[in-house]
Amino acid sequence: MLNVLFVCYGNICRSPVAEGVFRTLVAEAGLDKQIQTDSAGTASFHIGQLPDRRTRENALEHGLTLTHRARRLIGEDLALFDYFVAMDEMNLEAIEKLNYRSTGLHTADTIFLLREFDPDVNDQPNVPDPYYEGPEVFEEVYQITLRCCRQLLTYLVQQHNLNERKSEGVNK
């Protein structure tokens with residue numbers, strides 16, 4: 001089982017969307033028995049809260065219901081998750097620092113910026129934080145997340161030969 005954790009600052013806007021989008025893509029690919037996902041924040045402002053109302057509204061427009069409760073990234077996550085996907089450089093740095101202080105087990109090939117998987121070539125490494133923005137930025141976050149999560153799933157399938165495992169399970 002592969003475990004993927006999406007990380008943003010407060011865990012109420014970007015990372016819950018990424019978690020929801022990725023979970024849906026994984027289920028559509030029939031890989032939900034092989035890949036699990038969650039999300040967390042590097043700050044503790046919103047622990048226990050549902051995603052931001054605007055985030056949930058935007059997700060619903062795309063058929064996603066977000067029920068995740070915000071939580072903070074902790075050292076134990078380093079032992080539980082195989083991959084960490086940060087929404088921006090600030091949160092990437094926070095993951096890397098926690099990894100260094102806690103275990104040092106994770107390497108650069110397991111800690112990523114989400115936009116490293118963006119097929120739309122651009123010079124922006126960060127998923128914009130829509131918290132202080134209007135509905136168009138929440139939609140932009142959804143679109144970025146969708147195209148990046150598709151590529152992330154393709155990457156994981158290739159890295160771990162998941163299609164082979166899936167078909168082996170069907171043949172048994």
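**A buried arginine and its surroundings**

Hi everyone, let's start with one residue. R14 counts as buried because its relative accessibility is 2%; buried means under 20% relative accessible area, exposed means over 50%, and partly exposed is in between, using a 1.4 Å probe and protein chains only. Before going on, please keep in mind that this is a predicted model, where local features need pLDDT of at least 70 and side-chain atom pairs count only at pLDDT 80 or more, while totals for chains, interfaces and linings use all residues. Residues are numbered from 1 along each chain as its sequence is written, and side-chain values use heavy atoms, with hydrogens and water left out.

So, which residues does R14 meet? One partner is D88: their side chains form a salt bridge, 2.9 Å from N to O. By salt bridge I mean a side-chain nitrogen of Lys or Arg within 4 Å of a carboxyl oxygen of Asp or Glu. This pair brings together distant parts of the chain, 74 residues apart, with R14 in helix α1 and D88 in the loop between β3 and α4 (89-102). Helices here are DSSP runs of H or I with at least four residues, strands are E runs of at least two, and both are numbered from the N terminus. Like R14, D88 is buried.

R14 also forms a salt bridge with D129, where the closest N and O atoms are 3.8 Å apart. Here the distance along the chain is 115 residues, from R14 in helix α1 to D129 in the loop between β4 and α5. Is D129 buried or partly exposed? D129 counts as partly exposed, because its relative accessibility is 37%.

In total, the structure holds 11 salt bridges. Another one joins the side chains of K97 and E93, at 3.1 Å from N to O. These two sit four residues apart in helix α4, which is about one turn of the helix. K97, at 45% relative accessibility, counts as partly exposed, and E93 does too, at 42%. Elsewhere, R115, D118, D120 and R147 are joined into one network by salt bridges that share partners.

Now for the sheet. In which order do its strands lie? This open sheet has four strands in the order β2-β1-β3-β4, with parallel pairing; two strands count as paired if DSSP finds at least two bridges between them. At the edges, pairing on one side only, are β2 (35-41) and β4 (111-113). From one strand to the next, the twist averages 25°. Between β3 and β4 there are three bridges, and A86 has L113 in β4 as its bridge partner.

Helices lie across these strands. α1 crosses β1 and β2, at about 175° to β2. Such angles run from 0 to 180 degrees between N-to-C directions, with axes fitted to C-alpha atoms, for helices over the stretch in contact, and contact means heavy atoms within 4.5 Å. α5 lies across β1, β2, β3 and β4, at about 150° to β1.

Finally, the largest nonpolar core has 34 residues, and V4, F6, F22 and I35 touch the most other members. Such a core is a set of buried Ala, Val, Leu, Ile, Met, Phe, Trp, Tyr and Cys residues joined through side-chain atoms within 4.5 Å. At least two residues each come from β1 (2-8), α1 (14-28), β3 (83-86) and α5 (135-160). The largest share, 11 residues, belongs to α5. Apart from this core lies another, of 13 residues, including V7, L78, L92 and L98.
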